[in-house]
Amino acid sequence: SDHPYQNLIDTLKNVSSKDRHFFNLQKLNDPRYDALPFSIRVLLEAAVRKCDGFYVKKEDVLNILDWCQQQSSVEVPFSPARVLLQDFTGIPAMVDLAAMRDAVNKQGGDPEQVNPLCHTDLIVDHSLQIDFSKCAIQNSPNPGGGEGQGAAARSSPAKPQPRGAQCGGQRGCRGSCNEGTATSGKSTAVQIENTPILCPFHLQPVSDPETTLKNQEVELNRNKERLQFFKWCSKAFTNVNVVPPDAGAIHQVNLEYLSRVVRDDGGFLYPDSVVGTDSHTTMINGLGILGWGVGGIESEAVMLGQPISLTLPQVVGCKLVGSINMLATSIDIVLGITKHLRQAGIAGRFVEFFGPGVCQLSAADRTTIANMCPEYNATVSFFPVDDVTLKHLKQTKFSEEKLDIMEAYLKAVKLFRNYQDPSEDPQYSEVIEINLSSIIPHVSGPKRPQDRVAVSNMKKDFLNCLNEKVSFKGFHIPCEKQETVMPFLHEGTEYKLAHGSVVIAAVISCTNNCNPSVMLAAGLLAKKAVEAGLTVKPYIRTSLAPGSGMVTHYLSASGVLPYLSVLGFEVIGYGCATCVGNMAPLPEAVVDAIKQGDLVACGVLSGNRNFEGRLCECVRANYLASPPLVVAYAIAGTVGIDFETEPLGMTADGKEVYLREVWPTREELQQTEEQSIIPSMFADVKERMEKGNKLWNSLEAPECTLFPWDPKSTYIRCPSFFQKLTKEAPPPQSIENAHALLFLGDMVTTDHISPAGSIARVSAAAKYLTTKRLTPREFNSYGARRGNDAVMTRGTFASIKLQNRFIGKTGPKTLHIPSGQTLDVFEAAERYQREGIPVIILAGKKYGSGNSRDWAAKGPYLLGVKAVIAESFERMHKNHLVGIGIAPLQFLPGESADVLGLSGKEKFSISIPEVLSPRQELTVK
């Protein structure tokens with residue numbers, strides 16, 4: 001009754017059985033509202049609704065309303081409707097909450113009062129590792145538990161056989177397949193539970209979906225301790241929802257299951273919004289839901305009821321015009337827009353799409369484009385809701401009543417738009433126009449997502465990369481070694497590797513699997529290729545990690561899944577796998593051939609990250625490509641191919657087959673998509689996620705208010721952050737006589753800083769785990785052990801690609817300056833702390849680029865780092881450094897370590913006053 005904007009509350013009548021209420025911002029009767037970008041209108045509604053005079057004040061509301069004049073000049077609060085966590089970044093947040101309960105309990109408070117105030121969803125999707133794939137299973141003794149099948153050759157043309165054909169022993173048919181029940185034509189039998197792989201010869205479910213089930217079982221056993229903690233969280237905390245393993249990738253689950261577009265809280269309507277601990281949370285912007293990625297530090301604050309503080313952003317209007325090229329996939333459009341916006345220099349700003357070209361993009365296309373938002377450093381990539389959005393939601397899980405309420409509410413508050421009507425276009429800080437007809441197929445690589453290469457120029461570009469000096473594009477292979485060919489034996493057959501040979505081909509859960517058109521294109525390409533007699537060499541590590549069971553469902557229902565399986569693209573499970581380095585090792589013979597020949601071997605994946613060494617240490621060139629191109633390059637076996645003039649492959653009888661002969665037409669895609677994407681699929685996926693799986697459901701977890709910490713645990717440990725907390729925050733302290741722990745160059749990413757991927761056997765973390773009597777096979781990954789600060793601190797700056805100027809070569813080493821010894825980074829930091837010497841880091845441009853990771857700030861903090869002096873910072877990482885207590889200091893314009901003649905071996909003293917303000921100049925001696 002005392003809400004300052006109570007007069008704006010309106011009633012939505014005659015839409016459903018009961019009236020709904022909402023804040024109607026049109027009642028402000030202010031012409032500035034109609035000029036606001038749609039994304040800013042969402043910020044304004046949240047500020048009005050949450051205005052309490054403390055966290056959110058009337059002044060904040062007026063500043064947002066006056067966006068045209070106030071953009072980039074004022075700080076405003078934003079209270080999202082929910083928080084989204086994935087398990088790698090979510091476990092530290094939940095461990096902190098559990099530790100908070102302990103702290104409250106020790107001070108005599110009620111620990112049950114420690115709960116998130118903002119609804120929080122935690123999706124366990126980053127634990128999956130590819131322990132079993134088609135190749136790995138065939139090399140295992142009796143992997144399926146039934147009759148052994150031996151090492152069936154992948155090179156045999158595995159065309160679907162006529163009714164009644166024998167398929168025992170054939171690749172892709174495992175266990176018993178009852179030929180008497182085989183049906184002609186496409187199979188209509190689709191099973192979502194555990195997503196069984198179909199027999200490609202009978203199109204019937206086989207008795208044991210061994211690849212998926214084996215990976216699930218290993219995942220749950222390996223991560224049992226972490227999963228028990230998550231299950232305890234789901235019971236102990238209110239406002240926490242845990243989505244169990246194998247339900248799907250975080251963004252896929254967010255799109256298909258968690259998104260609401262308009263939230264209905266007890267009859268009160270407001271726009272859905274979210275912040276997540278993953279930089280690609282922006283994918284949800286494609287459905288007209290405002291959201292972006294934040295770090296674990298910021299997410300915890302939101303969970304505990306604090307709004308996010310952000311500078312009122314500039315909004316760049318991206319106007320799409322022209323018609324889409326028939327051969328261009330949505331991934332080509334994504335990469336085209338990514339490059340255009342990256343070149344436009346829009347870091348830290350909102351991007352909002354408008355123009356008639358938007359109407360040509362499906363909801364899946366829009367979410368794919370929005371997913372790549374971090375690659376051009378924007379905060380959000382917003383697509384306001386329109387008829388295409390509603391049509392998509394109707395296909396998923398929304399009833400007619402919900403859709404009617406949604407449309408009526410969005411139109412009432414002017415958050416619904418018609419892209420064909422220019423009179424609805426708001427004001428923007430800047431307008432960038434992109435002609436869709438100019439976009440042609442591209443891939444990105446070999447080391448960075450922003451380095452695009454036209455498919456037609458791929459062969460020439462790769463040869464140039466071999467010649468170029470070592471850089472973001474070059475490998476500097478001497479001319480006399482560029483023709484090196486290394487023979488090797490695999491499963492008794494001789495094969496050859498050369499520069500450009502593909503050894504990893506992965507259709508993975510990031511970016512693309514939300515888009516039916518590109519996934520179906522991959523499946524239809526596989527179908528045509530198999531029918532033409534083409535195969536994939538058996539040593540290539542192929543995998544298919546769908547974003548959710550829905551993807552498997554429509555691939556299966558459309559009849560293309562068996563053909564993907566024939567080529568080795570088998571469903572290995574659900575979650576992040578290859579993209580974050582969670583994959584089974586390459587065959588030893590392949591690794592030996594690569595190393596002996598010093599070959600630039602290649603990985604091709606349909607993800608969004610391809611930094612050197614990320615997939616596998618010996619695979620130096622990694623290319624991002626659309627799913628059908630991943631399949632095409634796997635068949636070709638090399639990236640050194642001109643698809644226009646060279647055949648994709650040869651059939652067993654020597655016939656040449658070109659890519660254009662097996663590439664699906666747009667008409668084929670649209671027809672298949674219409675037949676496969678149906679509402680029942682989303683309903684089945686929803687049921688599977690709510691039911692969980694048998695292994696998760698049978699998992700036991702403690703039922704108590706305080707978590708029973710196990711002192712022997714190497715996964716979950718009560719963090720040390722709360723041990724020195726005081727009721728009053730101490731003032732900032734000056735830094736005296738510090739040494740540089742590291743002297744780094746440009747583009748140091750969070751991959752270099754934060755622990756990620758597998759734990760190397762010679763690392764500081766491995767030494768620690770060995771003292772805990774663990775064997776290397778039990779080390780698991782850094783992501784799985786984010787709940788243990790002892791492991792994570794030792795894994796900070798442990799990247800094999802770290803280039804420290806003190807050392808002169810890549811690796812996790814540094815110079816302990818007082819002694820002159822070369823040590824592991826952790827060992828050097830530990831020695832500095834024993835000696836009472838503070839440490840800083842010197843760096844170049846764009847320090848902290850890449851994924852948002854809280855341990856990229858927490859780790860250096862626990863290493864004793866007091867400040868980072870760099871030429872420039874990635875915005876989000878800079879915020880994390882401030883949040884954890886590390887001073888991010890930027891060289892003055894035109895200055896750098898080199899310009900100032902610094903060797904890095906000097907002692908540094910930094911005078912820090914008690915009262916600080918952003919961009920304040922400090923003196924460093």
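# Reading the labels in this model

User: This is a predicted model. Leaving aside neighbours within four places in sequence, which residues is Val42 in contact with?

Analyst: Val42 is in contact with Pro271, Leu290, Phe382 and Leu415, once neighbours within four places in sequence are left aside. Contact here means heavy atoms within 4.5 Å.

User: Where is Val42 placed, and how far apart are Val42 and Leu290?

Analyst: Val42 sits in helix 2, residues 38-49. Val42 and Leu290 are 248 residues apart in sequence. In space, their C-alpha atoms are 7.3 Å apart.

User: Why is Val42 called buried?

Analyst: Val42 has a relative accessible area of 5%. Buried means under 20%. The value of 5% is under that cut-off, so Val42 is buried.

User: Why does His880 count as buried?

Analyst: The relative accessibility of His880 is 1%. The cut-off is under 20%, so His880 counts as buried. His880 lies in helix 30, residues 875-884.

User: What makes the pair of His880 and Glu298 a polar contact?

Analyst: The two side chains make this contact at 3.1 Å. A polar contact needs a pair of N or O atoms within 3.5 Å, one able to donate a hydrogen and the other to accept it. The 3.1 Å value is within that limit, so the distance fits the label.

User: Cys359 and Cys373: buried or partly exposed?

Analyst: Cys359 has 28% relative accessibility. Partly exposed lies between the 20% and 50% cut-offs, so Cys359 counts as partly exposed. Cys373 has a relative accessible area of 0%. That is under 20%, so Cys373 is buried.

User: How many disulfides does the structure hold?

Analyst: The structure holds 0 disulfides. The test is a pair of cysteine sulfur atoms within 2.5 Å. With a count of 0, no pair passes that test.

User: What is the order of strands in the open sheet of 5 strands?

Analyst: The order is 31-30-29-26-32, with mixed pairing. Strand 31 (887-890) and strand 32 (908-910) are the edge strands, since each pairs on one side only. The twist averages 35° from one strand to the next.

User: How do you know that strand 26 and strand 29 pair?

Analyst: Pairing takes at least two bridges. Strand 26 (residues 735-743) and strand 29 (residues 839-842) have 4 bridges, so they pair, and in the parallel sense. Phe743 stands opposite Leu842 in strand 29.

User: Which helix lies across strand 26 and strand 29?

Analyst: Helix 28, residues 825-834, lies across both strands. Helix 28 runs at about 170° to strand 26.

Methods
Residues numbered from 1 in each chain as written. Predicted model: local features only at pLDDT ≥ 70, side-chain atom pairs only at ≥ 80, totals over all residues. Heavy atoms only, no water. Helix = DSSP H or I, 4+ residues; strand = E, 2+ residues; numbered from the N terminus. Buried < 20%, exposed > 50% of the residue type's maximum accessible area, 1.4 Å probe, protein only. Axes fitted to C-alpha atoms, helices over the stretch in contact; angles between N-to-C directions.
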